[in-house]
Amino acid sequence: MDTHAAIVAEIPRLRRYARVLMRDPATADDLVQDCLERALGRLHLFQPGTNLRAWLFTIMHNLHVNARVRQGRSPEVSVDPPGGGEVEPAQGSGLLMRDLERALGELPDDQRAVVLLVGLEGLSYRDTACVLGVPVGTVMSRLARGRERLRRLVDGETRQAIRQVR
Amino acid sequence: MTDRRSIGDMELNAYLDGELESSARAEVEAWLATHPDDDARVAGWRRQKDALAELSAEVLNAAIPPSLSRAVTRRRPAARSWMRAAAAVLLVVAGTAGGWYGHGALLQPSAVASADGDFVRNALGAHVVFAPEQRHPVEVWANKEEAHLVQWLSRRLGHEVKPPPLASAGYHLVGGRLIADDGGPAAQYMYEDSKGRRITLYVRRSMDHGTTAFRFAEERKLSAFYWIDGPLAYAIIGEMPRDELLTLARVVHGELEHGG
């Protein structure tokens, strides 16, 4: 496979990551398209034999962060305490998935990125560190904080949902 | 509980993600065996990680929108004609010297699921016969008469069958031919990459007008993905690993779905 074909092969993974990140399919595909165009414009900077997937995710991550800065949103989002919102009544595992997506939206950007790159994409800590441009130790501490926070958010919402059903 | 923090959350996460050396792994396992709270939290993170992996998983198997695959194509430098000529010469040499294609017993019926067996077996058979052909790989060449080719095959199949553009995946259309299949006419489009590797797309009217997911079959070195989309059944075949062909199948499906 040449590099162009290898990039096409990564499109499904880029789309999935963008969709979880943006939640709106059309906006997500726009992000992927921007990412592909940026990647092809800089293809001369890619070193064949290195990790193409990590390279593409780096580009997409940077585009996403830049877009958020342009929108005037700080990349570090402060978080309201869990609960208090409209929580839908429980219905099997669908609840867990919806809660998970909502709770992800409440994580600060830097923690969400690490949780998704490791959890959704299965990137190694080292590749995640490359994508985000931070040391591996930072990846580990963000991951630990992000996962624990996510666990509490989901547990909190589930408990509240159960209370409402009763 | 005085040693509560001697194994911290960062290490527990690294354990969960398989990032620890075996000795450190053993230490964490010993710790978890005696610290049920941490054990429960690790189990919670593991459930969370599994759930994350399921998020939007359907996108992984969806057709690739042409707007995205073409974003890659637009920037692809055109293959130079002398490279194509060189590739063709190489192919002639390889075709003369090699020759695994010639084996008549290549297709063993048992390796293909019987329900769709006929369709994909015919498609594989057509690939085996025509893909190695040097002088007459196609009846109608795309570089001379693509419009006529599409019109002709569409008329014979009784439904429009446009060859999807696969430049984003590195393949250009060589041409196509009409094939006599069990149930009537079938169309075979042949594509080639810059190294002269060929893939074929085989199309026939479907019997049941349903829609199916991609299904996979392989025969020796050949891989095939086949599916039904309404009135037409498709099979894409190439001598390559499953994952590489799956990408092509997704591009083909995306192009067909969005009208080519």
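**Notes on a predicted two-chain model**

1. A good place to start is a detail of the sheet in chain B: Glu218(B) has Ser223(B), in β6(B), as its bridge partner. Helices (H or I, at least four residues) and strands (E, at least two) are DSSP runs, numbered from the N terminus, and two strands pair if DSSP finds at least two bridges between them. Strand β5(B) and strand β6 (residues 222-229) of chain B are antiparallel and share five bridges.

2. Before going further, a word on conventions. This is a predicted model, in which local features need pLDDT of at least 70 and side-chain atom pairs count only at pLDDT 80 or more, while totals for chains, interfaces and linings use all residues. Residues are numbered from 1 along each chain as its sequence is written, chains are lettered from A and ligands numbered from 1 in the order in which they are written, and side-chain values use heavy atoms, with hydrogens and water left out.

3. Now the sheet as a whole. Chain B has eight helices and seven strands, and seven strands make an open sheet with antiparallel pairing, in the order β1-β2-β3-β4-β7-β6-β5. The edges are taken by β1 (140-141) and β5 (215-219) of chain B, each with a single partner strand, so one side of each lacks a neighbour in the sheet. Strands of a sheet pair through backbone hydrogen bonds, either parallel or antiparallel.

4. Strand β4 of chain B deserves a closer look. On one hand, strand β3 (residues 184-192) of chain B pairs with β4(B) in the antiparallel sense over seven bridges, with Ala186(B) opposite Arg204(B). These two strands form a hairpin with five residues between them, and Gly196(B) in the turn has a positive phi of about 85°. On the other hand, β4(B) runs antiparallel to strand β7 (residues 232-238) of chain B, joined by seven bridges; there, Leu201(B) has Ile236(B) as its bridge partner.

5. How buried is β4(B)? Seven of the eight residues in this strand (residues 198-205) are buried, so the strand is largely enclosed by the rest of the structure. Here buried means under 20% relative accessible area, exposed over 50%, and partly exposed in between (1.4 Å probe, protein chains only).

6. Val203(B) is a nice residue to click on in strand β4 of chain B. This valine, Val203(B), counts as buried at 2% relative accessibility. The C-alpha atoms of Val203(B) and Tyr234(B) are separated by 4.7 Å, although the two residues are 31 apart along the chain. Leaving aside neighbours within four places in sequence, the contacts of Val203(B) (heavy atoms within 4.5 Å) include Leu157(B), Val161(B), Ala187(B) and Leu232(B).

7. Two non-glycine residues with positive phi are worth checking by eye. Ser56(B) has phi near 50° and lies in the loop between α3 (36-54) and α4 (66-73) of chain B; Ser56(B) is buried, with a relative accessible area of 11%. Arg220(B) also has phi near 50° and is found in the loop between β5 and β6 of chain B, but Arg220(B) is exposed, at 52% relative accessible area.

8. For chain B overall, buried residues make up 47% of the 260 residues. Of the contacts in chain B between residues at least 6 apart in sequence, 59% join residues at least 24 apart.

9. Turning to the interface, 42 residues of chain A are in contact with 40 residues of chain B. The buried area (accessible area, 1.4 Å probe, that two parts lose on being put together, summed over both) is about 3600 Å², and carbon and sulfur atoms give 66% of it. In chain A, Val8(A), Arg16(A) and Arg147(A) lose the most area to chain B, together 17% of what that side buries.

10. Which residue forms a salt bridge with Asp17(B)? Arg147(A) does, with the closest N and O atoms 2.9 Å apart. The rule (a side-chain nitrogen of Lys or Arg within 4 Å of a carboxyl oxygen of Asp or Glu) finds two salt bridges across the interface of chain A and chain B. Elements giving two or more residues to chain A's side of the interface with chain B include α1 (3-22), α5 (109-119) and α7 (136-165) of chain A, and α1(A) gives the most, with twelve residues.

11. Finally, α5(A): eleven of its eleven residues are buried, so this helix is largely enclosed by the rest of the structure. Among the buried residues of α5(A) are Asp109(A), Arg112(A) and Leu116(A).
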